[in-house]
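Hello,

Here is the structure I promised to pass on to you. Have a look at it first, and then read my notes below.

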Amino acid sequence: MKSNSFYGLMAMVFLAFSCSEKQQPVKSTKPMTILIQPFKDFSSENVLKTAEGIRKIYPNIKILEAIDFPDNAYYKERNRYRADSIIKFLDSRTKDGFVTIGLTSKDISVTKGKIKDYGIMGLGYRPGKACVASKYRLDKKNADEQFFKIAIHELGHTQGLKHCPEKTCFMRDAEGGNPTDEETDFCPKCKTFLISKNWKFNSI
Ligand SMILES: [Zn+2]
Ligand SMILES: [Zn+2]
């Protein structure tokens, strides 16, 4: 009896091991959806233009109805909207498997070091479920193209991308300026990272 149960146990242990050996790393089968969330100040024409650009490299997107800013985001002293409050608000509305990007033409700001209210073009946490992009600080002559680059940069952060040292990469750090005209694409390194998150690129 004793030896029988010993062999029985061995068989079970062996079975357990052979099972775990065959197991593949769990890969999420359902790609996330990017939710495009315009605020009411942002024109529907610009929403479509931005969505079209994003769709080319990440096809799984959905455009939502325009909404108001959350009340707590307004910073009256500067007539700006706080990007961190906007992200918190969008994050709370975003379910698992989704990432929301808020679009606005109003000025947005965040606390940066000792500067209490610092105007920015966009903000996204790394990784995160929500980000925001603003058209307010962009050059009027090619604001559409620049805006797409801001949006895709912030979405890159939500996916886990850091700032990139490549001057032509969308993940370049703006460093207080607006270098978007020098940016042409994600660099091969950033692309490889995004491909692992189901992003589609024709070439690396
Ligand atoms: Zn950034
Ligand atoms: Zn890069």
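Please keep in mind that this is a predicted model. I have sorted my notes by site, beginning with the pocket.

The largest pocket

Several elements help to build the wall of the largest pocket: β6 (108–112), β7 (115–120), β8 (122–124) and α4 (143–159) each give at least two residues to the lining. Helix α4 provides the largest share, with five residues. The volume of this pocket comes to about 560 Å³. There are 28 lining residues, and those closest to the centre of the pocket are Ile-120, Met-121, Gly-122, Asp-173 and Ala-174. As for chemical character, the lining is made up of nine nonpolar, eleven polar and eight charged residues.

The zinc ion with histidine donors

Helix α4 is also worth following to the zinc ion (ligand 1), as one of that ion's donor residues, His-153, lies in this helix. The protein donors here are the NE2 atoms of His-153, His-157 and His-163, at 2.0 to 2.1 Å from the ion. Along the chain they follow the pattern H-x3-H-x5-H. His-163 sits in the loop between α4 and α5, ten residues from His-153, and the pair links distant parts of the chain. Are these two histidines buried or exposed? His-153 has a relative accessible area of 9%, so it counts as buried, since the cut-off for that is under 20%. His-163, at 39% relative accessibility, is partly exposed.

The zinc ion with cysteine donors

Which residues hold the zinc ion (ligand 2)? Its protein donors are the SG atoms of Cys-164, Cys-169, Cys-187 and Cys-190, which lie 2.3 to 2.4 Å from the ion. Their spacing in sequence is C-x4-C-x17-C-x2-C. Cys-164 is in the loop between α4 and α5 (188–195), while Cys-190 belongs to helix α5, so this pair ties together parts that are 26 residues apart in sequence.

Why is the arrangement around this ion called tetrahedral? The four donor atoms subtend angles of 104 to 116° around the zinc ion (ligand 2), and the arrangement counts as tetrahedral because all angles lie between 85 and 135 degrees. For comparison, the ideal angle for four tetrahedral donors is 109.5 degrees.

Cys-164 and Cys-190 can be judged by the cut-off used above for the histidines. Cys-164 has a relative accessible area of 11% and is therefore buried. Cys-190 is buried as well, at 7% relative accessibility.

Enjoy exploring the model, and do write back with any questions.

Best wishes

Methods. Residues are numbered from 1 along each chain as its sequence is written. Chains are lettered from A and ligands numbered from 1 in the order in which they are written. This is a predicted model: local features need pLDDT of at least 70, side-chain atom pairs count only at pLDDT 80 or more; totals for chains, interfaces and linings use all residues. Side-chain values use heavy atoms; hydrogens and water are left out. On a 1 Å grid over the protein atoms alone, a cavity is a set of points where a 1.4 Å probe fits but cannot get out, and a pocket is an open set with protein on both sides within 12 Å along at least five of seven lines; lining residues have an atom within 4 Å of a point. Grid points are joined across faces, edges and corners, and a volume is the space filled by probe spheres set on the points. Helices (H or I, at least four residues) and strands (E, at least two) are DSSP runs, numbered from the N terminus. Ala, Val, Leu, Ile, Met, Phe, Trp, Tyr, Cys and Pro count as nonpolar, Asp, Glu, Lys and Arg as charged, and the others, Gly among them, as polar. Donors are N, O and S atoms within 2.8 Å of the metal (3.2 Å for Na, K and Ca); water is not among the atoms, so sites may look incomplete. Four donors count as tetrahedral if all angles lie between 85 and 135 degrees; four count as square planar and six as octahedral if opposite donors are over 155 degrees apart and all others between 65 and 115; anything else is irregular. Buried means under 20% relative accessible area, exposed over 50%, partly exposed in between (1.4 Å probe, protein chains only).
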